Amino acid sequence: MSSKLDLAAIVAEVGAEVQPHRGEGHVADYIPALARVDGNRFGMAVITVDGQVFETGDAWVPFSIQSISKVFTLTLALQRHGDDIWKRVGREPSGSRFNSIVQLEAEQGIPRNPFINAGAIVVTDSLVEGRPVADAVADIRDNLRRFADADTIDVDREVATSEAQTGFRNYSLAFFMRGFENLKNPVEDTLQTYFNQCALRITARQLARAGLFLANCGVDPISGERIVSPEHARRIGAVMMTCGHYDASGEFAFQVGLPGKSGVGGGILTIAPGKAAIAVWSPGLNAYGTSQVGAMALEKLVAKTGWSVF
Ligand code: DON
């Protein structure tokens, strides 16, 4: 039980144990604006369902949310469209890299899951709904601010521009799916919205707070607001467990044993159901695009708390 754990001591220990590993992994450089981040950063924040907060390191330094935003856009899509979203996107692991196109033709433009880029682009398309890009982006940003209880969260314009200038694979995925009529809005509008959602800046502390409803059956335990139904919260957790790290999702389940979602900014959001939301940030990535020291810290935290779902 979390109440019997000395989480303050555990989180401090984890911070101290990963200290010598800071800087390991490779900072993402396929988006030029991301490559400028200091690879030695490390931060972790744990927020329990009874509202206690434990932090170590750079838990208050904003970083690029990148693919972790896909958890929150899936949440909004389930709120707005319910299970109809599953007609446009599957929920099977792809076993392929995050930006892979290989399965899309054989599977008629229906992406395997909402966390690979193709699936996330479809989910974002479902949130655009004919609105101007600025309105769709503001809507996603404002909901993330509400989930995180943090008005400072905003789009990093330089990262968003850099994403758009180098997003050739995302353009390929989007036009391909448009060809299968699985995008409803102009490709440019959906992609600009997607690039902006990935370029949101958030701290580990804010990210853990934003994901807390997923540890509490869809209800934010601090505000009391129901964000999604218990069924949808379970399903988001299931997709995080099976697809949250692309072709390394099995490895993350093996190593950490919690539903999680990584981003190439070096963040990882993990959920310990009924207990806590945990966010880590360390920019150096492993070969699969997951934060190397972040995953190491989560492995240590889970070993000390016994929070693995297995
Ligand atoms: O689509 C992209 O390339 C990025 N904006 C998001 C990629 C990402 O974070 C992949 N996850 N590890």
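**Pocket, cavity and a helix pair**

Reader: Which strand and helix each supply at least two residues of the largest pocket's lining?

Author: Strand E4 (63-64) and helix H6 (157-166) do; these are DSSP runs, at least two residues for a strand (E) and at least four for a helix (H or I), numbered from the N terminus. The model is predicted, so local features need pLDDT of at least 70 and side-chain atom pairs 80 or more, while totals for chains, interfaces and linings use all residues. Residues count from 1 along each chain as its sequence is written, and side-chain values use heavy atoms, without hydrogens or water.

Reader: Which residues lie nearest the pocket's centre?

Author: Ala33, Leu34, Arg36, Val37 and Arg201, out of 21 lining residues. By class, the lining has twelve nonpolar, three polar and six charged residues (Asp, Glu, Lys and Arg are charged; Ala, Val, Leu, Ile, Met, Phe, Trp, Tyr, Cys and Pro nonpolar; the others, Gly among them, polar).

Reader: What counts as a pocket or a cavity here?

Author: On a 1 Å grid over the protein atoms alone, a cavity is where a 1.4 Å probe fits but cannot get out, and a pocket is an open set with protein on both sides within 12 Å along at least five of seven lines; lining residues have an atom within 4 Å of a point.

Reader: Which helix gives the most to the largest cavity's lining?

Author: Helix H3 (residues 102-106), with three residues. The lining has 13 residues, with Ser100, Gln103, Leu104, Arg112 and Ile116 nearest the centre. Seven are nonpolar, four polar and two charged.

Reader: New topic. What does H4 meet in H7?

Author: Asn117, Ala118, Ile121 and Val122 in H4 meet Asn170, Leu173, Ala174 and Met177 in H7, with heavy atoms within 4.5 Å. That contact has six nonpolar, two polar and no charged residues.
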